[in-house]
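Hi,

Here's the structure I said I'd pass on. Have a look, and my notes follow below.

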Amino acid sequence: MAINHPSFGTLAEDRIIIFDTTLRDGEQSPGFSMNLDEKLRMAEALADLGVDVMEAGFPIASMGDFESVEAIAKRFAKEGPVVCGLARTSSADILRAAEAIKPAARRRIHTFVSTSPLHMRVKLRMEPEAVLELVTASVSLARQHTDDVEWSAEDGTRTEHEFLCRCVEAAIKAGATTINIPDTVGYAVPEDMAFIFNMLRERVPGADGVIFSTHNHNDLGLAVANTLAAIRAGARQVECTINGIGERAGNASLEEAVMALRTRHDAIPTTNSIVTTKLLKVSKLLAATTGFDVQPNKAIVGRNAFAHESGIHQDGVLKDASTYEIMTPESVGWTTNSLVLGKHSGRAAFRDRLKSLGYEIGDNQLNDAFKRFKDLADRKKVVYDEDIAALVDDEVGRTNETIRLTGLNVSTGMGTKPMATITLEVDGERRDGMAIGDGAVDATFNALRQAYPHEVNLKLYAVQSVTGGTDAQARVTVRFEEKGKLVDGQGADTCTIVASARAYVHALNKLLVKRERTEPPAVLRA
Ligand code: KIV
Ligand code: ZN
């Protein structure tokens, strides 16, 4: 039966709503926090990708969270996806979420409470009847601020069935328009999902007037499988994140769920709004912003996802790609045209190429990126798409940075102690540092610490080559840890030492942003 939804109007029975929570559940995972500019850029990319609902954050968690949800809501004040803010059951939470999402043309409050016996006893220390009252009160209050209200049963898949039905009934009666059943701890198997959604749809009065939603964590690697099982059992909203980021092992990956639905339309005949050719671009933007690359064999967006290595496979693909390819690389945004510009290429060609790679950047960033491209083309025989992407990713990750790397000199060789001199700009003021070290990278980092004294726990230093060849750019990742929190920085350059310094400065800037933010409530760390 078609459903009439406050934000979407009449929804066809086979229409799947794509609810992206990269900026909320995804951003909660260690090392993935983003600043306001980064979140806005991701929000634009997600809207361009075609997500229906964007969970922009948890407004009461911190001032930073509130401001970014509000900024995203303002960005979509005229049109765009539904902007959603998360809230627990308290009126303070709900009012804060309502205030943050207010500027958006279409807005949703997503309120949740734990319903499993374990969570109610240990976490909430409440009796089930009291939790039921909270469900009614929280949804009713949220409905006073928007017609589009989602209610979630946290730890829903470990909730007693009878009680889950009662909670869902209470939420619907109070005015919830979407009912979400999270597999909060990634415990369920696909059969559980089928049972739960069929049960709710059959037994709960009013179930035929709401959208059922599925939200799966990937602790057992089953998040996407569980998502598909829920859809087969009637769920019509999928909660997911780009690259599958999220608490612990992450959430269901948007690109995997969407491509499974598209590729296996025969088995699960549904429709959705995602422009799949933009999947890779958004995945790369997230990786560049957070500093976490996906693993090479990651489905859809991993470097090897469409690479055929064995002779038998290559032979088959050359004869007919469908022998070993169930979807085309182009359908998710991979391009075959890898060889691009040279040192004689002009700004217009560069901008054009960026556009076809899916990057639209402002004039200032374009100028900086173009300068770096020219410099790269001077040093490197061939500039590939991957080089340009690495360079631009590096550039766009650096807006509004407090600390900027403006100069670096390193001397090293056999039998000499490496020495680095470095120049930084900190809030516009020049700072210099000079140091020796056990190797050129160590000397550079020591010089950095001299120019900008700070204490930090370096957890990871990793170098990857962007393309092949000895003139390839190095992409360096640096990870810091402070009070249990991780931040990553990335830098790219044909000189590994320069890339390392850029990555270090990137991470340091992110750490400064992180220090400004207050801790999110413990409830979200469950
Ligand atoms: O996993 C979970 O239970 C959640 C809720 C807040 C919806 O993320
Ligand atoms: Zn979650």
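How do α3 and α4 lie to each other, oblique or not? First, the ground rules: this is a predicted model, where local features need pLDDT of at least 70, side-chain atom pairs count only at pLDDT 80 or more, and totals for chains, interfaces and linings use all residues. Residues are numbered from 1 along each chain as its sequence is written, chains are lettered from A and ligands numbered from 1 in the order written, and side-chain values use heavy atoms, with hydrogens and water left out.

Back to the helices (DSSP runs of H or I, at least four residues; strands are E, at least two). α3 (residues 63–75) and α4 (residues 91–101) pack at about 40°, their axes 7 Å apart. They are therefore oblique to each other, that is, outside the ranges under 35, over 145 and 65 to 115 degrees. Met63, Phe66, Val69, Glu70 and Ala73 of α3 make the contact (heavy atoms within 4.5 Å) with Arg96, Glu99, Ala100 and Ile101 of α4. By class that is six nonpolar, no polar and three charged residues.

Now ligand 1. Around it (a heavy atom within 4 Å) sit Arg24, Asp25, His110, Phe112, Ser152, Glu154, Pro182, Thr184, His215 and His217. α1 (22–26), β6 (107–114) and β7 (149–154) each supply at least two residues of that shell. Oxygen atoms of ligand 1 make polar contacts (N or O pairs within 3.5 Å) with side chains: 2.6 Å to threonine 184, 2.9 Å to arginine 24 and 3.1 Å to histidine 215. Taken alone, ligand 1 exposes 260 Å² (Shrake-Rupley, 1.4 Å probe), and the protein buries 96% of that.

Cheers

Key: Polar contact = N/O pair within 3.5 Å; in protein donor to acceptor, adjacent residues only side chain to side chain. Axes fitted to C-alpha atoms, helices over the stretch in contact; angles between N-to-C directions. Nonpolar A, V, L, I, M, F, W, Y, C, P; charged D, E, K, R; others polar.
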